[in-house]
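The following exercises concern strand pairing, burial and chain contacts. Each task is followed by a solution in steps.

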Amino acid sequence: MKMRATFFKKLVVAVLLLTLPCAAQAAHGASPLKVVEELKVDAPIEKVWGVIDDFAHPITILSIERIEASGNNTPDQAERRLFLKDGVMIKEVLTKRDEERFMIGVHRKTDNLQLLPAVNYTSLITLRSLDQDHTIIEWKARFYRGYPNNNPPAELNDDVAVAAVKKLIAGELAALKKHIEKPIGQ
Amino acid sequence: MIRQALCGVIVLFCLLFSNTILADEAFITAQNGQSLDIIDLTSMTTRVSVPIAGKPAGVALTKDGRRVFVTSPEGRFITIVDSKAGRIEKQIPMNGGPLGVVVSGTGERLYVTDFYDDRLVEIDLNTQKQRSLPIGSKPAGLALTPDGKTLLVAARDDNQIIFVDLQQFSRLDQLIVGRHPYGVTIDADGRRAYVANVESNTVSVIDLSSRKMIAELPVESHPYGIALASGRIFISNQHSESLSVFDAKALTPVATVKVGDYPEGVCASLDGANVYVANWFSNELWAIDAVTLKVRAKTATSDGPRAFGLFVAPGL
């Protein structure tokens, strides 16, 4: 009985995965979710900005095999395709770049519920200088639960989406910190 | 002496009088913080924050500003708030996902888009009776003509505006606009409607007598809501952190104003001198002078201000 329920759940998710491209366009649905995380990095803001601002070469926890990027750093033109080791491709566009505010916006064009049980994932990353040697990276994300309609299955509800995005951003921030604080020559 | 004192009293009276009369209030739905912030727009401070469950999104107000109607798409109800008391008067259950909301001029009927089940719902506020109309895929924003006869509904995934005859409660017409229409606004004399097309980064201008599109204005990235003030059109652009400003008569661009992060709901003050915009990511309400386009003031809101609808009313 339990096995059957699990199978049914898997079937629901599989069907959703197949039909999702339609729903994936919903950048402005009924109930967007928000996650805000920040991390202190021991580096001056200019150094951190130099890393964040390189849209074609993201520092990430994703296991990337290769990247195709175009459009330089121009918002709404810059695009990057991240090809992961398991054959998955993630397409992201730069939605925002503000040098004065040390801020970039990135919107994921390809939803993949196995990778992240959330859709329409958009990030806004802003740097804040604490002092000459310390910078806060603030990472704000906007997204919808994996099943953006009503009556979502339990594995694609708001709580699951928020937890997954929190985990993702915490990982991304830690990867950035590690990369930026790495001593020269290592 | 007596004359001077009298003048003084009159001046003082006028000041007090103008303060009480002119203090518009904003009713900001904070979707993630799950509340309705009632903000005094003269002092730009929150008078009261009313907790509302179910991820509140849409907002509408009676003309006198006494009653506020808030949709909760995840709670499946409409909340009626007594604005003076700052507390919930009642909640009306509604199936599906109530999102956009407008109230009739008499304050007797509500029109609500059901985003999840693709309906337009009419709620009689006296009897609580509901009836609905299939309205197209993912209905979002809606607006009422000033004569109260026609409703325009944005069917997002059909890329259409649906015209609804409210006397018959039936579909009158439909018009293809840009990709993913969301916010809809109608001008005060009922001549034109403006529609924000989120995916095509344009605003469709519709002539209401012919029900035809007369212009498509290019705006910045992901336009969401539209306000009309001081002869200008103000469009909030979610991804560009900006308001696009156009001359409403000539339909020519005036300027682009930088605002907070991820602007959504935008609404004019009652006298049209100011425009207010809710910034979803930065949790702020900004006041912009509609003529000089300078940022007049900012105030913090609860988490995730959405303010989807006409959210400004006279203070009480």
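**Exercise 1: The surroundings of one residue**

Beyond its neighbours within four places in sequence, Phe27(B) is in contact with Leu36(B), Ile38(B), Val59(B), Leu61(B), Val68(B), Phe311(B) and Ala313(B). The model is a predicted one.

Task. Determine in which strand Phe27(B) has its place, and whether Phe27(B) is buried or exposed.

Solution.
1. Phe27(B) belongs to strand 1 of chain B, which covers residues 24–30.
2. Around Phe27(B), 26 other C-beta atoms lie within 10 Å.
3. A residue is buried if that count is 20 or more.
4. Phe27(B) is therefore buried.
5. Asp147(B) may be set beside this residue: Phe27(B) and Asp147(B) are separated by 120 residues in sequence and, C-alpha to C-alpha, by 24 Å in space.

**Exercise 2: The sheet of strands 16 to 19**

Task. State how the four strands 16-17-18-19 of chain B are paired, and explain why one side of strand 16 and of strand 19 is left without a neighbour in the sheet.

Solution.
1. The four strands make an open sheet in chain B, in the order 16-17-18-19, and their pairing is antiparallel.
2. Strand 16 (181–186) and strand 19 (212–218) of chain B are at the edges; each has a single partner strand, so one side of each lacks a neighbour in the sheet.
3. On average, neighbouring strands of this sheet are turned by 25 degrees against each other, direction ignored.
4. Strand 16 of chain B is joined to strand 17 (residues 192–197) of chain B by four bridges, and the two run antiparallel.
5. At residue level, Thr185(B) has Tyr194(B), in strand 17 of chain B, as its bridge partner.

**Exercise 3: The sheet of strands 8 to 11**

Task. For the open sheet with the order 8-9-10-11 in chain B, identify which strands are the edge strands.

Solution.
1. This sheet has four strands with antiparallel pairing.
2. Strand 8 (98–103) and strand 11 (130–134) of chain B pair on one side only, and these are the edge strands.
3. From one strand to the next, the twist averages 20 degrees.
4. Strand 9 (residues 109–114) and strand 10 (residues 119–124) of chain B run antiparallel and are joined by six bridges.
5. Opposite Arg109(B) stands Asp124(B), in strand 10 of chain B.

**Exercise 4: Contacts between the chains**

Task. Describe which residues make up the side of chain A that touches chain B.

Solution.
1. Contacts link 16 residues of chain A with 24 residues of chain B.
2. At least two residues of this side of chain A come from each of strand 4 (89–98) and strand 7 (134–145) of chain A.
3. By class, this side of chain A has three nonpolar, eight polar and five charged residues.

Notes:
Residues are numbered from 1 along each chain as its sequence is written. Chains are lettered from A and ligands numbered from 1 in the order in which they are written. This is a predicted model: local features need pLDDT of at least 70, side-chain atom pairs count only at pLDDT 80 or more; totals for chains, interfaces and linings use all residues. Two strands pair if DSSP finds at least two bridges between them. Axes are lines fitted to C-alpha atoms, for helices over the stretch in contact, and angles run from 0 to 180 degrees between N-to-C directions. A residue is buried if 20 or more other C-beta atoms lie within 10 Å of its own, exposed if 12 or fewer, and partly exposed in between; C-beta atoms are placed from the backbone. Two residues are in contact if their C-beta atoms, placed from the backbone, lie within 7 Å. Ala, Val, Leu, Ile, Met, Phe, Trp, Tyr, Cys and Pro count as nonpolar, Asp, Glu, Lys and Arg as charged, and the others, Gly among them, as polar.
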